[in-house]
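Welcome, and please get your viewer ready. We will go from stop to stop, with a selection to make at each one.

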Amino acid sequence: MEVYEAIYGRKSVRDFDRVKDVPPDLVMKLLKAACQAPSAGNLQPWRFWVIRDQKLKGRLAEAAFHQSFVAEAPVLIVVCADLRVASSGYGTRGTALYAIQDTAAAIENLLLAAHVEGLGACWVSAFDERRAIQALELPAHIRPLALIPIGYPAYVGTKPQKRDPLEVTEFK
Ligand SMILES: Cc1cc2nc3c(=O)[nH]c(=O)nc-3n(C[C@H](O)[C@H](O)[C@H](O)COP(=O)(O)O)c2cc1C
């Protein structure tokens, strides 16, 4: 699949096949794609937690204000930023801005790779950070930024409409 096909074809999936598992080597392939993202100073502050434990997935779904589909995917990848790494290069700008941008780029790579592999995924960032940190027992320098449930789609809705670039672009 060429890159434009992947970009235009990807859409959020929130309904997963509960039977068909995502094999560990495929998860590794997605993580490798995520790790190819650009990052400020190539610091690569992204960190990943791969969750298959049903109880833990359930706790994270609760932390995500009971978005139950988070626990219904066979694999849940929690994408975090290592703020210590980000700050070592760029201080406050590193932790407040670059770490978020770097990690977002890694997440988009992950979503596109999942789509190319015939998987469905959704970027979930509406969650109570404190509860997610508790559930994962994260150290203070690791900030969870997104929960990405991944599985084979049981249902794929229609793609939401996107704005025309001419509506959101200024040419000077
Ligand atoms: C920063 C961010 C946070 C998001 N958080 C959630 C979320 O908590 N729950 C959810 O169902 N979708 C969430 N989404 C997915 C968006 O709802 C989705 O990307 C948007 O509706 C466009 O649909 P598409 O992904 O199919 O293009 C989030 C997306 C982004 C980028």
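Select R18: is this residue buried or exposed? R18 counts as exposed, because its relative accessibility is 63%; the cut-offs are under 20% relative accessible area for buried, over 50% for exposed and partly exposed in between, with a 1.4 Å probe and protein chains only.

Before moving on, note that this is a predicted model, in which local features need pLDDT of at least 70 and side-chain atom pairs count only at pLDDT 80 or more, while totals for chains, interfaces and linings use all residues. Residues are numbered from 1 along each chain as its sequence is written, and side-chain values use heavy atoms, with hydrogens and water left out.

**Stop 1: salt bridges**

Keep R18 on screen and add E72. These two form a salt bridge, with the closest N and O atoms 3.6 Å apart; the term stands for a side-chain nitrogen of Lys or Arg within 4 Å of a carboxyl oxygen of Asp or Glu. The pair links distant parts of the chain, 54 residues apart: E72 belongs to helix 4 (residues 69-72), and R18 to the loop between helix 1 and helix 2 (24-34). Helices here are DSSP runs of H or I with at least four residues, strands are runs of E with at least two, and both are numbered from the N terminus. E72 has a relative accessible area of 26%, so this residue is partly exposed.

How many salt bridges does a search of the whole structure find? The search gives eight.

For another of them, select E62 and R131, whose side chains meet in a salt bridge at 3.6 Å, N to O. E62 is in helix 3 and R131 in helix 6 (residues 129-136), so this pair ties together parts that are 69 residues apart in sequence. E62 is partly exposed, with a relative accessible area of 37%, and R131 is partly exposed too, at 33% relative accessibility.

Now go to R163 and E167. Their salt bridge has its closest N and O atoms 3.2 Å apart, and both residues are exposed.

**Stop 2: a lysine under cover**

Select K57, in helix 3 (residues 54-63). Which side chain of opposite charge is nearest to K57? That is D21, 7.4 Å away, and K57 is buried yet has no salt bridge; for charge, Lys and Arg count as positive and Asp and Glu as negative, with His and the chain ends not counted. Show the surroundings of K57 as sticks: leaving out residues up to four places away in sequence, K57 touches I51, R52, V70, A71, A73, P74 and L76. Contact here means heavy atoms within 4.5 Å.

**Stop 3: the sheet**

Switch to cartoon view. Four strands form an open sheet in the order 1-2-4-3, with antiparallel pairing. Its edge strands, each pairing on one side only, are strand 1 (46-51) and strand 3 (120-121). Two strands count as paired if DSSP finds at least two bridges between them.

Colour strand 4 (residues 142-151), which runs antiparallel to strand 3 and is joined to it by two bridges. In these, A121 has I150 as its bridge partner, and G120 has G151. Next, colour strand 2 (residues 75-82): eight bridges join this strand to strand 4, again antiparallel. One place to zoom in is V78, whose bridge partner in strand 4 is L147. Strand 4 is mostly covered, with nine of its 10 residues buried.

**Stop 4: two loop residues**

Select R14, in the loop between helix 1 and helix 2. R14 is partly exposed, at 48% relative accessible area, and touches F69 and C122, not counting residues up to four places away in sequence. Add A73: R14 and A73 are 59 residues apart in sequence but 8.4 Å apart in space, C-alpha to C-alpha.

Then select D128, in the loop between strand 3 and helix 6. D128 has a relative accessible area of 22%, so this residue counts as partly exposed. Measuring C-alpha to C-alpha, D128 and A64 are 6.2 Å apart in space and 64 residues apart in sequence. With neighbours within four places in sequence set aside, D128 is in contact with A63 and F65.
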